[in-house]
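Here are some short exercises to work through with the model open in your viewer. Try each task before reading its solution.

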Amino acid sequence: MKFCRFIAKDSSAPRFGILHGDAVAEIGAPPWAAAGRDKTGKSFELANVKLLAPVCPSKIVCVGRNYAAHAAELGNDVPKEPLIFLKPP
């Protein structure tokens, strides 16, 4: 079973689905939710959807200048402690 997240060409709302060959069967919730594998009855041709990353991150944690070559690109020294920052999803 191949789960996917997608946007149908007739909509802008991301949806979850199960990929079957050249079609995507929509499911009513993320696959990790209790009702995530219940199909809604809607199906879309793969050519009529845009596939997205199959996740919904609540936060993205990043580490800056974490290796010497990257620090050198920016003209900075490698920090003594990791530079941690967040990015909104």
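**Exercise 1. Find how β1 is connected and paired with β2.**

Step 1. Follow the chain out of β1: a hairpin of six residues leads into β2. Strands here are DSSP runs of E with at least two residues, numbered from the N terminus.

Step 2. Look at the pairing: β1 and β2 run antiparallel and are joined by five bridges. Two strands count as paired if DSSP finds at least two bridges between them. As one pair to locate, Phe3 has Ile18 in β2 as its bridge partner.

A word on the model before you go on: it is predicted, so local features need pLDDT of at least 70 and side-chain atom pairs count only at pLDDT 80 or more, while totals for chains, interfaces and linings use all residues. Residues are numbered from 1 along each chain as its sequence is written, and side-chain values use heavy atoms, with hydrogens and water left out.

**Exercise 2. Work out the strand order of the whole sheet.**

Step 1. Turn to β5, which pairs with β1 in the antiparallel sense over four bridges. Within β5, Lys50 is the bridge partner of Ile7, and Leu51 is the bridge partner of Phe6.

Step 2. Put the strands in order: the open sheet has five strands, β4-β3-β2-β1-β5, with antiparallel pairing. At the edges are β4 (39–45) and β5 (49–52), each pairing on one side only.

Step 3. Check the twist: neighbouring strands of this sheet are turned by 45 degrees against each other on average, direction ignored. The axes are lines fitted to C-alpha atoms, for helices over the stretch in contact, with angles running from 0 to 180 degrees between N-to-C directions.

**Exercise 3. Which residues form the largest nonpolar core?**

Step 1. Recall the rule: a nonpolar core is a set of buried Ala, Val, Leu, Ile, Met, Phe, Trp, Tyr and Cys residues joined through side-chain atoms within 4.5 Å. Buried means under 20% relative accessible area, exposed over 50%, and partly exposed in between (1.4 Å probe, protein chains only).

Step 2. Select the six members: Cys4, Phe6, Ala8, Val24, Phe44 and Val49. Strand β1 (residues 2–8) gives the largest share, three residues.

Step 3. Centre your view on Phe6. Leaving aside residues up to four places away in sequence, its contacts (heavy atoms within 4.5 Å) include Val24, Phe44, Val49 and Arg15.

**Exercise 4. Locate the salt bridge and say what the pair ties together.**

Step 1. Search the whole structure, and one salt bridge turns up. The rule asks for a side-chain nitrogen of Lys or Arg within 4 Å of a carboxyl oxygen of Asp or Glu.

Step 2. Inspect the partners: the side chains of Glu26 and Arg15 meet at 3.8 Å, N to O. Because Glu26 lies in strand β3 (residues 23–27) and Arg15 in strand β2 (residues 15–20), the pair ties together parts eleven residues apart in sequence.

Step 3. Check the surroundings: both Glu26 and Arg15 are buried, Arg15 having 16% relative accessibility. Among the other contacts of Arg15 are Cys4, Asp10 and Phe44.

**Exercise 5. Why do Cys4 and Cys56 form no disulfide?**

Step 1. Apply the cut-off: a disulfide is a pair of cysteine sulfur atoms within 2.5 Å.

Step 2. Starting from Cys4, the closest cysteine sulfur is in Cys56, 12 Å away, so the two are too far apart for a bond. Cys62 also has its closest cysteine sulfur in Cys56, at 18 Å, again too far for a bond.

Step 3. Conclude with the count, which is zero disulfides.
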